[in-house]
Structures are given as C-alpha cells and as structure tokens.
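I have opened a fresh notebook page for this chain. Below are my entries, in the order I looked things up.

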Amino acid sequence: MSSGTTSTKHDKAAEHGREVEWQLASTDLGSVRRWLADHGRIDGLLLEPRSTLQILDTYWDTDDWRIHRAGFALRIRSESGKAEATLKSLHSASAAVADRRELSEPLDNAESESIRQSSGPVGTRVHAVSGAHALVPLFEVRTSRQRFAVHREDEAQQLGEIALDETVISRPHGEPRTSMQRVEVEALTATHEPLQSLVDTLRSNCALESASDSKYSRGLKSVGLAPGPVPEFAPTAVDASMPMVEVALANLRRYWSAWHLHEPGARLGDNPEELHDLRLAGRRLEAILRQFRSWLPEPFLRVRPALKKILRALGDARDLDVALSQLEKFSRKLPASDHAGLEPLRRYLESERGRARTRMLNLLDSVSVQKTLQKFTLLLTTPASASKPPPEWALHVAPETIRRRYRKVRKGAGGLAADSPVEAYHAVRGHVKKLRYVLEAVAVIYGKPADDMLRALHRWQEKLGVQQDAAVASRRLMALASAPPKGIPPETLFLMGRFAEHYAIASTRARKVYARDYRKVRGRWKKLRMEFRESPVESAPALPDATP
C-alpha cells in the first residue's frame, strides 16, 4: 500500500524491506466508510481517522521489461509536493496475504531521470537492472485515499492502517481507462493476528472480497500492455542426424536464452544464485565457441574475447558472493559473543562485492560489449547460409571430440597425489568442466550413459571446487591479515585465522573423497564409450529438445 511519503510505513519498509497487506475489492466504498464511522472500536482495536491523501503514481519499466523480468514493479509516487520511488516484488510469499519485498526512497522530483541519478536502495537497483536502456512510463494511477490508523486501545504504537482507495488508471498523460475501489489493510509491525481478525470482520460486515489482481496488473491490462516474454532463441533441438555446426548453433541458442533469463536478476544483485546461473550460461557459451570452433563460422568466434572478459568480471563478483555466504555459515558455528568480531570482515567483503559489481555492470553496459552482444544475437537469429564443405555429422565426429577431452582429464587426474598442490587439482577441475560442457552439448544423442557420466562429473567437479574456493578464500584472508585495511581490529584478525582453518578443514575433506569420485567417473566412462560406435546417420532417431 504505502500511505504517502510521511507515513511510518516507509521507516518500516526501509528497515525490513517487506510489505504485508490485505487487498479487498469493494463495489461500494460509501457503505464501508459509513460502517467504519459507526465502529470506532473493533475487537479491542481502536480506529482513528487520518487525513485523506491525493496520490499520483506512475509505473515505469524499460522497453524490454527488464524490471518486470527481475521480478519487480517500479513506481514513482507524487503526493503533497514530495516524490518517492518504490520497487515492489511481483510475487507474494503467502497466498493468504500480500507479503512482498518492498524498497522505497525519497526523490528530488517525480521524473524518471531522478531515480536513475539516485544512489539509494531503489536507484542503485534500477540503474543496475536497466543498464543503458531508458525508462518509459507504462501508466498512471490517481488515488484518493481515506485512511484510518489501527492500534490497541491501551497502546500508542500503530499496528496497521486501513485505506479506502478510489482509483483511476490512465495512460501516461492520457484519458482514464478504468477505475477501481479497494480497501487495503496494511501491517506496520510484525504482529499480524489482530489485523487478520479485523480483516475477517470487514469482509463479513462490508461485503468485501479478496482482490483478484493488483493495481499494477490491472493497470497493465487497462492500457493494453503485456510484459514481453524472456527472449528465447530457437531452434535448440539436438539430434543424432545433425551436422556439428547445427549442434553448436542449437546449444548457443539454448544458452543465450538462459543468459537472457538470468541477466536481470544478476544485475539486480539481491539473489546470488542469479549471478551464478548467468555465469554458468556464459561459461557454456564460451565452451561451445571454443570446443566447436572448427565448425562454427568465423563471425561467431569473434564474440569469444568479449565473452571471456565478461566472465572474468562475473567471476570476481561471484567469488565475493561465495565468500559472504561462507562467512555466514562460519558465523553460525561460533558463539554469539564472537559475532560482533566478524562484522568488520563482513563489511569489508560487502564493500569489495559492491566494487566488483560496479565493474561488472560498467563492463556489461559498455558500448563495445553491448555492440558485441547485439551482433551475437543477430548471428543467432539470422538463417545460416549453406556451407560449401560437406557437413561433418555429430554422430561421427562427437565421439572423438569427447575422447580427446577425457584423455586430458585422465592425464591430469592420474598425476595427482594427496600432497599435490591445489593448482594441480584446479587444473584437473578445468579439464573436467570442459569435458562436461562438450558432453552436455551432445548428451541427448547418447541417452542414459551420457546422463550418468554428466552426474558423476558434476559431483567430482563440486568436490574439486571446494578446494579451489578454499584456496581463493585463504589467499584473500592471508592478504588481509598481512596488510589489514582500516577498520579491521585485532579480534577480527584472530577470527579470520579460525575462518582460514575452517576452509582448510573443508579442503581436506574434499581431498579424501577425490579418489572415490574419480573411480565413479571412470566407471561411467566405460559405459559411455560403448555408445561411441559408427551408425548410419539416416537411421539415427530424432531426440528431444535440449531446453535450458
């Protein structure tokens, strides 16, 4: 809801970042108004009239719906000469009540440029998600809001607020398209039970029903807008009768679709898994460009240098996400008395993460990278011209490609010992990833043996990854300990030593299961190798679509 820029609601939202409210549809607000006037006390709750507000909301997004794809609606509100921007989650954490993430901040004015220049919690996220894309107005919502404060009779603290909203929705600076009447009850504390009882009373006495849609969704419908779907690049189907170049292109389309799916969330930065998934999509794109370079047209290969640069920036930000996650897990093992000692380290890592994300976003939004990625999209959506040399069929060529990658894995793994340096284990991990990626590209051709091999490789790679994450984190902690930045006290340095021990223990455990995981991979390889036999392409069955 949000009762205007002067409400205590905004202090709560800024602190907790959530909005909890019941949205009720009404056909006669007049009768609700009269009932509330006659019932100043309900079930031990006191209802006190507040001033009526006149609110103008404008909803914004980019031309390609990046904010919507990140899971939010962006609203700029103008009320009583003040402006405020709000990002509100499109998804509720509860079916019984609208429980959504909400972030707000004041603005100098209600223009979109004001939010893009802001460094607050909304402005930084909007800029990160929208990048070089301009914000465009979607629709306007004009609301006359009559308010009632809700609190217990014997307490001054306000538990919630009832709002009677008479709303008109229009195109930006255009004629009204629809109107609606709503009763909204918002919780301003973590205590929701008394308000639930109040809502039940309002429903039964004022003929109110739960609203079937939000003002945002109603606004989109009223002006004839529908958020565009996540870009998907087709075809992505792979089958045994395809030449290698078509297998490569199908996989590039598959992972380019995944890139577009996760980019808004990775830009937003609130869910570290979105960055992780974006990086995985990028890694697979780079792997296809590398592993299939002998069959891909030259223009595709020119994308790879820019992609490698992007992956380095994504990796820097991801490493700090992992470091903060590991710090959180480590802190849960410590007594409460030690938690304050870790806070300076957490603040330092958060600061480093912010800088890494800034570099990542600046690179993604750079003119050169944007041009390269646009060219890549054009290449994937332009029909390929017929190749002059005869095609090399995947069924005939893929086995040897996979064998070469497996031989590199076997050579590296065979040379490892319990006391081998972490760099040697990391090199093997790199070979495992490359084998995984090339096998994934053609896995549908070989069915269950390929799937079993991929699962074994994934488990092995994860164990090898634990060692690498521990090595990266330990180096970071050692560098900090040798030259502590300002604000890192001795007690934090002591806990950092224990944190490094935590990583060392995790690394040792991962090494102990290394041989077991490698044995499983070798067993799966023997079964997969049996599938690598020459077969007439004409008799090869078509296999299902390799969706992300």
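**Entry 1: the second largest cavity**

Which helix gives the largest share of the lining of the second largest cavity? I looked it up in the model, which is a predicted one, and found that α15 does, with 3 residues. The cavity itself holds about 50 Å³ of space. I noted its lining residues as Ala 323, Leu 345, Leu 349, Ala 473, Arg 476, Leu 477, Phe 499 and Tyr 503. Three helices each supply at least two residues of this lining: α12 (336-365), α15 and α16 (490-512). Sorted by class, I get 7 nonpolar residues, no polar ones and 1 charged residue.

**Entry 2: the largest cavity**

Next I turned to the largest cavity, whose volume is about 70 Å³. Its lining is made of Asp 319, Val 322, Ala 323, Asp 469, Val 472, Ala 473, Arg 476 and Tyr 503. Which helices each supply at least two residues here? They are α11 (304-332) and α15 (422-482). Of these, α15 gives the most, with 4 residues. The classes come out as 5 nonpolar, no polar and 3 charged residues.

I then compared my two lists. Ala 323, Ala 473, Arg 476 and Tyr 503 appear in the lining of the largest cavity, and I find these four names again in the lining of the second largest. For the record, the count of cavities of 30 Å³ or more is 3.

**Entry 3: a tryptophan in α15**

I stayed with α15 a little longer and picked out Trp 460, which lies in this helix. Is Trp 460 buried or exposed? Its relative accessible area is 0%, so I wrote it down as buried. I also looked at Trp 460 together with Val 521: they are 61 residues apart in sequence, yet their C-alpha atoms are 7.9 Å apart in space.

**Entry 4: the two sides of α13**

Helix α13 covers residues 367-381, and I wanted to check its length. With 15 residues at 1.5 Å a residue, it should span 21 Å, and its end C-alpha atoms are indeed 21 Å apart, so the two values agree.

Which residues of α13 are buried? I listed Val 369, Gln 370, Thr 372, Leu 373, Phe 376 and Leu 380. They cover an arc of only 165° around the axis, so they sit on the same side of α13. When I turned to the other side of the helix, I found Val 367, Lys 371, Gln 374, Lys 375 and Leu 378 exposed.

**Entry 5: a glutamate in a strand**

Glu 19 belongs to strand β1, residues 18-25. I looked up its relative accessibility and got 0%, so Glu 19 counts as buried. What does the side chain of Glu 19 make a polar contact with? The partner is the side chain of Lys 88, at 3.3 Å.

**Entry 6: backbone notes in the loops**

I went on to two residues with a positive phi that are not glycines. The first entry is Trp 65, with a phi of about 60°. I placed Trp 65 in the loop between β4 (53-62) and α3 (66-69). Its relative accessibility is 9%, and because buried means under 20%, Trp 65 counts as buried.

His 173 is the next one I noted, with a positive phi near 60°. It lies in the loop between β9 (160-170) and β10 (176-187). Is His 173 buried or exposed? At 77% relative accessibility it counts as exposed, since the cut-off for that is over 50%.

I also found a cis peptide bond, which joins Ala 234 and Pro 235 with omega at about 0°. Pro 235 is in the loop between α7 (215-222) and α8 (244-268).

**Entry 7: stepping back**

Finally I looked at the chain as a whole. How many helices and strands does it have? I wrote down 17 helices and 11 strands. Along its principal axes, the C-alpha trace spans about 85 × 65 × 45 Å. The chain has 548 residues, of which 51% count as buried.

Terms used:
Residues are numbered from 1 along each chain as its sequence is written. This is a predicted model: local features need pLDDT of at least 70, side-chain atom pairs count only at pLDDT 80 or more; totals for chains, interfaces and linings use all residues. Side-chain values use heavy atoms; hydrogens and water are left out. On a 1 Å grid over the protein atoms alone, a cavity is a set of points where a 1.4 Å probe fits but cannot get out, and a pocket is an open set with protein on both sides within 12 Å along at least five of seven lines; lining residues have an atom within 4 Å of a point. Grid points are joined across faces, edges and corners, and a volume is the space filled by probe spheres set on the points. Ala, Val, Leu, Ile, Met, Phe, Trp, Tyr, Cys and Pro count as nonpolar, Asp, Glu, Lys and Arg as charged, and the others, Gly among them, as polar. Buried means under 20% relative accessible area, exposed over 50%, partly exposed in between (1.4 Å probe, protein chains only). A polar contact is a pair of N or O atoms within 3.5 Å; within protein, one must be able to donate a hydrogen and the other to accept it, and residues adjacent in sequence count only if both atoms are side-chain atoms. The expected span of a helix is 1.5 Å times one less than its number of residues. The arc is that of the directions from the helix axis to the C-beta atoms.
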